[in-house]
Structures are given as C-alpha cells and as structure tokens.
Amino acid sequence: MLRPAHPCRTTLLPLGVLSAGMACLVTILGRDANASQTYDVVPPPVCTNHKGEDVSFIDSGSARSGIAAGMARRDAGGKPVVVRSNYSAAPPVFQSFIDRHECAHHQTGDVDRPHPPRNGPEHLMNESISDCVAILRLRDEDGYDKAGFDQVASALRSEMEKIGFPEISISSRISNIENCFRKMGAPREFIERILHRRGLLQP
Ligand SMILES: [Zn+2]
C-alpha cells in the first residue's frame with residue numbers, strides 16, 4: 001500500500017530494509033477511530049512464493065493499538081512470512097484483500113529484491129501489481145463478483161481516507177484494481193509474466 005506524506009511511525013509503509021537486499025513491505029489496513037469495533041479474523045489464503053516456498057501467516061497482537069497492518073518479509077530464520085498485525089481492527093473483506101496483496105509481494109519476488117526508493121515509480125508499480133494479483137485471486141479463487149469487488153473498493157476507500165491519503169491516490173488505486181478485475185486473465189498467468197520480465201521464472 002502506498003503511504004501518505006507523514007511519518008513512518010504512524011503510517012509505516014514501508015518500514016524499511018531489514019537487511020541487505022531484503023525488503024520489508026508493510027500495508028496499513030486501517031485504524032479503528034474509536035478503538036471499539038472489532039471483527040473476526042479471516043483464515044489466511046494459501047501462499048507460495050516465487051521459489052516454491054510456503055509462506056506462513058503470523059498473527060501478531062496489537063503492538064500498535066488500533067492500527068491493522070500486513071507485512072511481507074523473511075523472518076530471522078529466512079522463512080517467508082506475512083505478519084498480520086491487529087487484523088481485528090479491519091473488516092474481513094479488507095483483511096482478505098491485504099492477505100493476498102502481501103502474499104503477492106512474495107509471489108512476484110518483491111520480498112527478495114532490493115527495495116526501490118519509497119514512493120518512486122518502481123515502488124508504486126510493485127504496489128499496483130500486488131493489488132492486481134490480490135483482486136484477481138479474490139475473483140478467480142474466492143468467487144468475488146461485481147458486488148464483492150464493490151465491497152473491497154469501498155473498504156479500501158474508507159481505510160485510505162481514515163489514514164489521510166489524498167483523493168488522487170485513492171481513486172487511482174481503485175481504478176487500477178477495477179481494470180484488473182474487469183480485464184485481466186488468471187492471476188497465475190499475470191504473476192508468471194511479471195516473473196519472466198524480472199528473470200525470476202523458475203525452470
Ligand atoms: Zn504492498
């Protein structure tokens with residue numbers, strides 16, 4: 001997810017590079033303004049990275065109270081993981097989208113590549129690609145129809161507004177996933193095109 005122009009402490013995307021060549025990709029899901037409403041946490045999707053390794057989803061509590069976030073990275077032992085922080089603060093439809101978005105950073109090899117400059121064109125492209133994979137998986141694997149898409153788009157808008165993203169960031173992000181949802185083929189084919197372009201396609 002893109003980050004608005006205020007400090008990493010409150011928006012934390014991306015947190016930064018954990019170690020040489022290892023990206024740390026974080027997505028803010030949103031924050032519960034009244035810290036009152038909570039939601040059930042959805043089961044994570046199947047996720048395998050570009051090297052065929054299984055990606056584990058780890059629920060971490062509420063280190064940052066009221067802020068739900070996802071983070072794709074390798075853990076201290078080198079295992080690919082998605083860390084889900086405070087997911088109960090965000091609606092299930094949005095948890096599902098962000099799980100698949102973070103998984104896509106593993107599927108496309110982003111996590112194992114040097115992190116491009118924050119909010120530069122390459123970074124924004126990586127975020128658009130992960131968003132696209134996420135919405136294609138919801139469409140093809142979870143049966144999201146137009147009504148399902150609208151729920152994702154509306155949750156995305158609402159969470160981004162809460163965090164303070166400008167309208168142009170919100171509408172361009174929604175327009176990207178809408179294009180993917182309407183026009184793109186299967187997520188696997190899309191991922192393979194990306195991997196091919198990056199020279200990461202496994203033989
Ligand atoms: Zn991302």
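## The segment after α6

In this predicted model, Q202 is exposed, because 8 other C-beta atoms lie within 10 Å and a count of 12 or fewer defines an exposed residue. Q202 belongs to the segment that comes after α6 (187-198).

Along the chain, 152 residues separate Q202 from H50, yet their C-alpha atoms are 7.6 Å apart in space. Once neighbours within four places in sequence are left aside, Q202 is in contact with K51 and G52.

## Overall organisation

The protein is built from 6 helices and 4 strands. Their order along the sequence is α-β-β-β-β-α-α-α-α-α.

Of the 203 residues in the protein, 43% are buried. Among contacts with a separation of 6 or more, 70% join residues that are 24 or more positions apart.

## Helix α2

Helix α2 covers residues 92-107 and has 16 residues. At 1.5 Å a residue, a helix of this length should span 22 Å, and the end C-alpha atoms of α2 are indeed 22 Å apart, so the two values agree. Burial is extensive here: 15 of the 16 residues of α2 are buried, and the helix is therefore largely enclosed by the rest of the structure. After α2 comes G109, which has a positive phi near 85°.

One of the residues in helix α2 is H101. H101 is buried, because 26 other C-beta atoms lie within 10 Å and the threshold for burial is 20 or more. H101 lies 33 residues from A134 in sequence, and the distance between their C-alpha atoms is 4.9 Å.

## Packing of α2 with α4

Two packed helices are described by the angle between their axes and the distance between the axes. For α2 and helix α4 (residues 146-163), the axes come within 9 Å and cross at roughly 90°. The two helices are therefore roughly perpendicular to each other.

On the α2 side, the contact involves V93, F94 and F97, which meet Q151, V152, A155, L156 and E159 of α4. By class, the residues of this contact between α2 and α4 comprise 6 nonpolar, 1 polar and 1 charged.

## Packing of α3 with α5

Helix α3 (residues 121-141) and helix α5 (residues 167-183) also have axes that come within 9 Å, and these axes cross at roughly 45°. This angle makes α3 oblique to α5. The crossing in which α3 passes α5 is right-handed.

From α3, the residues that make the contact are S128, D131, C132, I135, L136 and R139, while α5 supplies R173, N176, I177, C180 and F181. The contact of α3 with α5 divides into 6 nonpolar, 2 polar and 3 charged residues. An α-helix has 3.6 residues a turn, so residues three or four places apart point the same way.

## I170 in helix α5

Helix α5 also contains I170. This residue counts as partly exposed, because 19 C-beta neighbours lie inside 10 Å and a buried residue needs 20 or more.

I170 and M160 are 10 residues apart along the chain, and 6.7 Å separates their C-alpha atoms. Not counting residues up to four places away in sequence, I170 touches R157, M160, E161 and F165.

## Two asparagines with positive phi

Most residues other than glycine have a negative phi, and most peptide bonds are trans. N86 is not a glycine, yet its phi is positive, at about 60°. N86 is placed in the loop between β4 (80-85) and α2. With 24 C-beta neighbours inside 10 Å, N86 counts as buried.

N119 likewise is not a glycine and has a positive phi, of about 65°. The position of N119 is in the loop between α2 and α3. N119 has 16 C-beta neighbours inside 10 Å and therefore counts as partly exposed.

Technical notes: Residues numbered from 1 in each chain as written. Predicted model: local features only at pLDDT ≥ 70, side-chain atom pairs only at ≥ 80, totals over all residues. Contact = placed C-beta atoms within 7 Å. Expected span 1.5 Å × (residues − 1). Axes fitted to C-alpha atoms, helices over the stretch in contact; angles between N-to-C directions. Parallel < 35°, antiparallel > 145°, perpendicular 65-115°, else oblique. Nonpolar A, V, L, I, M, F, W, Y, C, P; charged D, E, K, R; others polar. Left-handed = near helix turned anticlockwise from the far one by under 90°.
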